[in-house]
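I opened the model today to look up one strand and its neighbours, and then two residues with unusual backbone angles. My entries are below.

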Amino acid sequence: MDVVVVTGSAGLVGGEAVRAFASRFDLVVGVDNGMRRDFFGPAGSVADNLAAVERIPNYRHHRVDVRDHSALATVLGEYGTDVRLVVHTAGQPSDEWATGQPLVDLGVNTVGTMNLLEAVRRHCPEAVVVLTSTTKVYGDAPDALPLVETATRWEIDPSHPYHEHGIDESLRADGGRRTFFGVSKLAADLAAQSYAGLLGLRVGVFRCGSVTGAGHAGVELDGFLSHLVRSAVRGATFPVIGHGGKQVRDVLDARDLVEMFWHYYLAPRPGEVYHAGGGRERSASILELIARYEYLTGHEVPFEYVPEHRFADVRCWITDTRKFRRDYFDWRPAHDLDDMVRSVHERWVEVERFGLDGFPVSP
């Protein structure tokens, strides 16, 4: 029997992994304890996502906290060497939340990752493991690049090698300032590389930029595109925080990210680190994204500008995915920025009409 294990299986990326891999494996084993609600309150709950994946016939759910080494090892031990792929998406995803609870953040992101890797080592050492890391491991290093301010965005200076294709894996992750979230994710990222280099696990690390999709329970502390659209649909004020609203991010659809994982699984390169993002053509500043959303949907985005920017919130990040595309030349993102905006908009319009998982939306 071929088994895939997905941690964070009710979340944005985990849920897409469950859906994508259900037809490619005999059994999908999900691990998720619903802790996103603890992080962000009812608005951050993924209970509706869990209800959706539990309707998949060959899905089996385990309500396990990744910080619980014994419970996690029991799950991996139950399926043993039938496990072919482990997709680790469980984590605490917010810079600001981690500032208030750094020990919890470290436990979930770093200890949870090491618990998983050790369970794989003991029970299914031949499995391929995919770790969802983050570009936040670089802290504010991108702000040391030469940047140019335009009318609507911050941009990498055209004379710099990163301008055309974005920032590649040569950017150093030492020095600079980073949040507690960046620290915990960097530690997990490095641990995964060590499990590959020292112990031979077939681990690949994907440093993700901004990932979104219809299943994203965006809130102010995590998921800016989803939160922007959710606010607009509900007529709530969206906070534009710092940098004149000109900070730039590129966005990748979670479905395209999961396809990166699939290509890696088919031909793993243990210990490799890859950037995962939408690239220049899927990049936008907050101001540009507001304008694009209003044009595509006809919905106004009421917003309030907050002058002080967040700690280590860089002015421009655009992802260069050429390393991954050189190693896996069949992969290309299938969803452009307009696709993503429309799908997230349709999701929140539906939620406003019908509520989450059959329950009314809280005011």
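These entries take the strand and its pairing before the two loop residues.

Entry one. I kept in mind throughout that this is a predicted model. I began with strand E5, residues 128–134, and looked up how many of its residues are buried. Seven of the seven are, so strand E5 is largely enclosed by the rest of the structure. I then took the faces of E5 separately and found both covered, with Val128, Val130, Thr132 and Thr134 buried on one side, and Val129, Leu131 and Ser133 buried on the other.

Entry two. Which strands pair with E5? Strand E4, residues 83–88, pairs with E5 in the parallel sense over four bridges, and within this pairing I noted Val130 of E5 as the bridge partner of Val87. Strand E8, residues 202–208, also pairs with E5 in the parallel sense, over seven bridges, and here I found Thr134 opposite Cys208 of E8.

Entry three. I turned to His243, which is not a glycine and yet has a positive phi of about 60°. His243 lies in the loop between strand E10 (238–241) and strand E11 (248–253). Is His243 buried or exposed? Its relative accessible area is 14%, and because the cut-off for buried is under 20%, I entered His243 as buried.

Entry four. Ala312, again not a glycine, has a positive phi of about 55°, and I located Ala312 in the loop between strand E14 (303–306) and strand E15 (316–317). With a relative accessibility of 10%, Ala312 counts as buried.

Note on methods:
Residues numbered from 1 in each chain as written. Predicted model: local features only at pLDDT ≥ 70, side-chain atom pairs only at ≥ 80, totals over all residues. Heavy atoms only, no water. Buried < 20%, exposed > 50% of the residue type's maximum accessible area, 1.4 Å probe, protein only. Helix = DSSP H or I, 4+ residues; strand = E, 2+ residues; numbered from the N terminus. Pairing = 2+ DSSP bridges.
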